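Biologist: I should like to go through this structure with you, beginning with its aromatic rings. Please show it first.

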Amino acid sequence: MKKTIFLLLTSCLLASCAKEDVLDRTIFIPDESDPNLPAYTEWGYNSFGAKYERSYFLASNSIIPCKILYKDGKLQFSLIGNIDYEKITLSFIFPFPSISDYSGLIQLNDKEINLVDADCTVKISQNDGNDKILNVLNGKLHFKRTQLLNIDDIPNRVILSGTFELRFMQDDFPESISDGRFDLGINNNTFYAF
């Protein structure tokens, strides 16, 4: 009897730890029209993807796919992944009302950011610390849906789902990022405010 109770308690403990671990994993569901990209979802799969010219910019299970920083009246939404096995960070920086924790991201619901606006900055950072601010010709970042996820009636994270695309000049040559989509769970581990 004691052994049965011990096994039951152990399995409950492991299940509660596993639930949090599953919510933080990147889950890749292939898109029907392009299986190299993740499908657009609104389930908090911690996934994103886009075409970068003829390559793919994708989330990885070995890298936290998104970090958000609020500082000096601006929100920095950074997607962190790989292009051809090289770690890349794509950051969108834009004005945003003051927030102090991740739950304030709910305000992004159905917001479209015009990336050509003077107040917006888009930059690409490579693993070697090389940051490039992009000369954006046109583009948009659309937060289609934001949801507050509660577990046992306690807020756990905000799910941000949306799309992005942009055309820009890099080294005096036009390039593009297209068919971008994201589905991310943001909590205190991935949101920072200063």
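Biologist: How many aromatic pairs does the structure hold?

Modeller: The model is a predicted one. Rings pair here if their centres lie within 6.5 Å. By that rule, the number of aromatic pairs in the structure is 10.

Biologist: Is the pair of Tyr 52 and Phe 168 stacked or edge-to-face?

Modeller: The centres of Tyr 52 and Phe 168 are 6.1 Å apart, and their planes make an angle of 65°. Planes over 60 degrees apart count as edge-to-face. The pair of Tyr 52 and Phe 168 is therefore edge-to-face.

Biologist: How many residues apart in sequence are the parts that this pair ties together?

Modeller: Tyr 52 belongs to strand 1 (residues 47-52), whereas Phe 168 belongs to strand 10 (residues 154-170). The pair therefore ties together parts whose separation in sequence is 116 residues.

Biologist: Is Phe 168 buried or exposed?

Modeller: Buried means under 20% relative accessible area. Its partner Tyr 52 is buried, at 14%. Phe 168 has a relative accessibility of 0%, so Phe 168 likewise counts as buried.

Biologist: Which residue lies over the face of Tyr 40?

Modeller: A charge sits over a ring if, among other conditions, NZ of Lys or CZ of Arg is within 6 Å of the ring centre. For Tyr 40 the distance is 4.9 Å from the ring centre, and the residue is Lys 144.

Biologist: Over which residues does pLDDT stay under 50?

Modeller: The protein chain averages a pLDDT of 90, and 90% of the residues score at least 70. The stretch in question has zero contacts beyond four places in sequence. pLDDT stays under 50 over residues 1-18.

Notes. Residues numbered from 1 in each chain as written. Predicted model: local features only at pLDDT ≥ 70, side-chain atom pairs only at ≥ 80, totals over all residues. Heavy atoms only, no water. Phe/Tyr/Trp six-rings, centres within 6.5 Å; stacked < 30°, edge-to-face > 60°. Helix = DSSP H or I, 4+ residues; strand = E, 2+ residues; numbered from the N terminus. Buried < 20%, exposed > 50% of the residue type's maximum accessible area, 1.4 Å probe, protein only. Lys NZ or Arg CZ within 6 Å of the ring centre and 35° of its normal. pLDDT = per-residue confidence, 0-100. Contact = heavy atoms within 4.5 Å.
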